[in-house]
Amino acid sequence: MSSHRTMAAQGEPLLEGVVSRDAVDRHVTGTLTSKAMLRQSSEVSPWFYVLALLCLVSLLAFLYLALANYVACEMDETAILEEKIQKTKDANNKLRLEIVLKEDPVRIQQEAKQMGFAEAQRVEYLEVVLDEPAASPASSGQQLSVTGASSAPGWWDNMVRQFRDWVASVRETEPRDSP
């Protein structure tokens with residue numbers, strides 16, 4: 001059986017469509033079946049919750065093990081670095097001891113004699129007199145260089161003049177050998 005429908009709209013021609021009763025029944029039956037399936041799918045089995053909980057616990061265990069592995073690796077690397085630091089400190093201490101032993105004046109004198117140096121017959125000391133008073137770097141705000149010299153040109157001129165005077169006085173007191 002067929003049913004005819006006629007629809008009229010303003011200014012539109014009449015449309016006529018034929019729909020079979022079987023098609024309508026199949027559509028209604030399909031809709032009811034899909035609704036029943038939807039109702040069944042909304043009723044979740046308790047095994048689904050168990051499976052979801054098991055997955056969540058597994059994920060947390062994996063994250064915990066990954067974090068524990070990372071911490072263990074970092075601790076191992078820290079131990080290796082601390083061991084390297086200790087070895088470096090030991091080597092540094094050995095070098096310092098060696099430096100102290102090589103700075104011994106008796107040993108230096110023995111090596112100098114072996115190299116052919118003679119004992120000094122006369123020792124002279126050079127006194128450096130500064131015209132300006134010595135000010136501490138903290139109070140004056142000036143920084144001294146590594147050698148302790150200030151950057152004042154007058155100071156340097158006085159030092160050079162005093163050195164030249166000393167060299168001239170040493171030359172005058174030395175006996176001259178005539179050839």
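At 47% relative accessibility, glutamate 83 falls into the partly exposed class. Its salt-bridge partner in this predicted model is lysine 87, and the closest N and O atoms of the two residues sit 3.5 Å apart. Lysine 87 itself comes out as exposed, at a relative accessible area of 54%. The two residues are four apart in helix 2, so about one helical turn lies between them.

That contact belongs to a set of three salt bridges in the structure. Another one joins glutamate 111 to arginine 107, with 1.9 Å between the closest N and O atoms. Here too the spacing is four residues, this time in helix 3 (residues 105-115), so glutamate 111 and arginine 107 are separated by about one helical turn. Glutamate 111 is partly exposed at 37% relative accessibility, and arginine 107 is partly exposed as well, at 23%. With buried meaning under 20%, the 23% of arginine 107 keeps that residue in the partly exposed class. The remaining bridge pairs glutamate 124 with arginine 122, whose closest N and O atoms are 2.9 Å apart. In this pair glutamate 124 is partly exposed, with a relative accessible area of 35%, while arginine 122 reaches 52% and counts as exposed. The cut-off for exposed is over 50%, so arginine 122 passes it with its 52%.

Helix 3 also holds isoleucine 108. This residue is partly exposed, at 43% relative accessibility. Leaving aside residues up to four places away in sequence, isoleucine 108 touches Lys102 and Glu103. Of these, Lys102 carries the number at which helix 2 (residues 46-102) ends.

Now for the overall layout. The protein has five helices and two strands, and along the sequence they come in the order β-β-α-α-α-α-α; in other words, both strands precede the helices. Burial is scarce: just 2% of the 179 residues count as buried. The exposed area of the protein is about 17,200 Å², and carbon and sulfur atoms supply 61% of that figure. As for contacts at a separation of 6 or more, 31% of them are between residues 24 or more positions apart.

Part of the nonpolar surface gathers into a patch of about 710 Å², made by Leu53, Leu56, Val57, Leu59, Leu60, Phe62 and Leu63. Leucine 59, one of the patch residues, is found in helix 2, which runs over residues 46-102. Its relative accessible area is 46%, so leucine 59 is classed as partly exposed. A patch residue needs over 30% relative accessible area, and leucine 59 meets that with its 46%.

Turning to the rings, the structure holds two aromatic pairs. Phenylalanine 48 and tyrosine 49 make up one of them, with 6.1 Å from centre to centre and 65° between the planes, which is an edge-to-face arrangement. Planes over 60 degrees apart count as edge-to-face, so the 65° of this pair puts it in that class. Tyrosine 49 is exposed, at 56% relative accessibility. The other pair is phenylalanine 163 with tryptophan 166: the ring centres lie 5.8 Å apart and the planes stand at 35°, so this pair is tilted. Stacked would require planes under 30 degrees apart, and the 35° here does not qualify.

Phenylalanine 163 and tryptophan 166 are three residues apart in helix 5 (residues 153-173), so about one helical turn separates them. Both are partly exposed, phenylalanine 163 at a relative accessible area of 45% and tryptophan 166 at 30%. Arginine 161 lies in helix 5 too, and a relative accessible area of 48% makes this residue partly exposed. The side chain of arginine 161 makes a polar contact of 2.9 Å with the side chain of asparagine 158.

How values were computed:
Residues are numbered from 1 along each chain as its sequence is written. This is a predicted model: local features need pLDDT of at least 70, side-chain atom pairs count only at pLDDT 80 or more; totals for chains, interfaces and linings use all residues. Side-chain values use heavy atoms; hydrogens and water are left out. Rings of Phe, Tyr and Trp (its six-membered ring) pair if their centres lie within 6.5 Å; planes under 30 degrees apart count as stacked, over 60 as edge-to-face and the rest as tilted. Buried means under 20% relative accessible area, exposed over 50%, partly exposed in between (1.4 Å probe, protein chains only). Contact means heavy atoms within 4.5 Å. Accessible areas come from the Shrake-Rupley method with a 1.4 Å probe; for residues, only the protein chains shown count as cover. A polar contact is a pair of N or O atoms within 3.5 Å; within protein, one must be able to donate a hydrogen and the other to accept it, and residues adjacent in sequence count only if both atoms are side-chain atoms. Patches are made of residues with over 30% relative accessible area and no salt bridge: like charges are joined within 9 Å, nonpolar side chains (Val, Leu, Ile, Met, Phe, Trp, Tyr) within 5 Å. A salt bridge is a side-chain nitrogen of Lys or Arg within 4 Å of a carboxyl oxygen of Asp or Glu.
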